[in-house]
Amino acid sequence: MNTKPSDDELQKRVETISLQDFGKPFRHLAYFNGRLRTTGGRYFLSDHHIEINPRHWMEWGWEVVDGIIRHELCHYHLHLQRRGYRHRDREFRELLAQVGGLCHAPPLSNLSPRRRSVRWLLSCQACGRQFPRKKRMDPSRYRCGHCKGTLRLQEIEEPVEEES
Ligand SMILES: [Zn+2]
Ligand SMILES: [Zn+2]
């Protein structure tokens, strides 16, 4: 099907939306993070970068991802201006409504049966590598094959990235 846009493309898109809808430049980094689970996007207070879940693009396209970008840009601009950037802050809610950002990213629900068949995800706490599993298992009995880190098992209700 469609291939995911590049991080460059996403970066330009965030910069454009920032200028058009907020009238201010976005001067930090934006990129896709395939490890986000159900979250559509994230803004980092520490270094002001924005991460977007590529699955939302694959299942919903730019229309939804643009709404997620606007949401993250509300955090971004308000935080940089030392204004109320949290979800509970009135300034955040007002700006979000003004620019037409999404309150919540839509669920990743259009899962094909094949994707749905992967039920468990083993992830390394040290290096972040992920290993899909069909059956439940005891993570404490194993170590990461790459770095020997501790493993964590979680049930998944969303697709694991696949080539298509
Ligand atoms: Zn948010
Ligand atoms: Zn590891």
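Is C103 buried or exposed? With a relative accessible area of 54%, C103 is exposed, because the cut-off for that word is over 50%. We'll come back to this cysteine, but keep in mind from the start that you're looking at a predicted model.

Let's head for the metal. The zinc ion (ligand 1) is held by three histidines, H71, H75 and H87, each through its NE2 atom, at 2.0 Å. If you run your finger along the sequence, you'll find these donors spaced H-x3-H-x11-H. The pair H71 and H87 links distant parts of the chain. H71 belongs to helix α3, which covers residues 62–80, while H87 lies in the loop between α3 and α4 (90–99), 16 residues apart from H71.

Now take the histidines of the helix one at a time, starting with H71. Its relative accessibility is 8%, so H71 counts as buried, the limit being under 20%. What does H71 touch, leaving aside its neighbours within four places in sequence? The answer is H87, F92, L96, G101, L102 and C103. So there's our cysteine again, in contact with H71, and H87 shows up here too, having already appeared as a zinc donor.

Next comes H75, which also has its place in helix α3. At a relative accessible area of 10%, H75 is buried as well, because that value is under 20%. Not counting residues up to four places away in sequence, H75 touches Y43, Y85, H87 and F92. Notice that H87 and F92 are on this list and on the one for H71. The two helix histidines also meet directly: the side chain of H75 makes a polar contact with the side chain of H71, at 3.1 Å.

What does the UniProt record say about them? An unreviewed entry there lists H71 and H75 under "binding site". Both of these residues are included in the lining of the largest pocket.

Back to the cysteines, as promised. How many disulfides are there? The count comes to zero. For C103, you can see why: the closest cysteine sulfur, in C74, is 9.7 Å away from its own, which is too far for a bond, given that a disulfide needs the two sulfurs within 2.5 Å. Another cysteine to look up is C127, which counts as partly exposed because its relative accessibility is 26%, in between the 20% and 50% limits.

How values were computed. Residues are numbered from 1 along each chain as its sequence is written. Chains are lettered from A and ligands numbered from 1 in the order in which they are written. This is a predicted model: local features need pLDDT of at least 70, side-chain atom pairs count only at pLDDT 80 or more; totals for chains, interfaces and linings use all residues. Side-chain values use heavy atoms; hydrogens and water are left out. Donors are N, O and S atoms within 2.8 Å of the metal (3.2 Å for Na, K and Ca); water is not among the atoms, so sites may look incomplete. Helices (H or I, at least four residues) and strands (E, at least two) are DSSP runs, numbered from the N terminus. Buried means under 20% relative accessible area, exposed over 50%, partly exposed in between (1.4 Å probe, protein chains only). UniProt positions are given in the numbering used here, feature names are shortened, and annotations may be inferred rather than shown by experiment. On a 1 Å grid over the protein atoms alone, a cavity is a set of points where a 1.4 Å probe fits but cannot get out, and a pocket is an open set with protein on both sides within 12 Å along at least five of seven lines; lining residues have an atom within 4 Å of a point. Contact means heavy atoms within 4.5 Å. A polar contact is a pair of N or O atoms within 3.5 Å; within protein, one must be able to donate a hydrogen and the other to accept it, and residues adjacent in sequence count only if both atoms are side-chain atoms.
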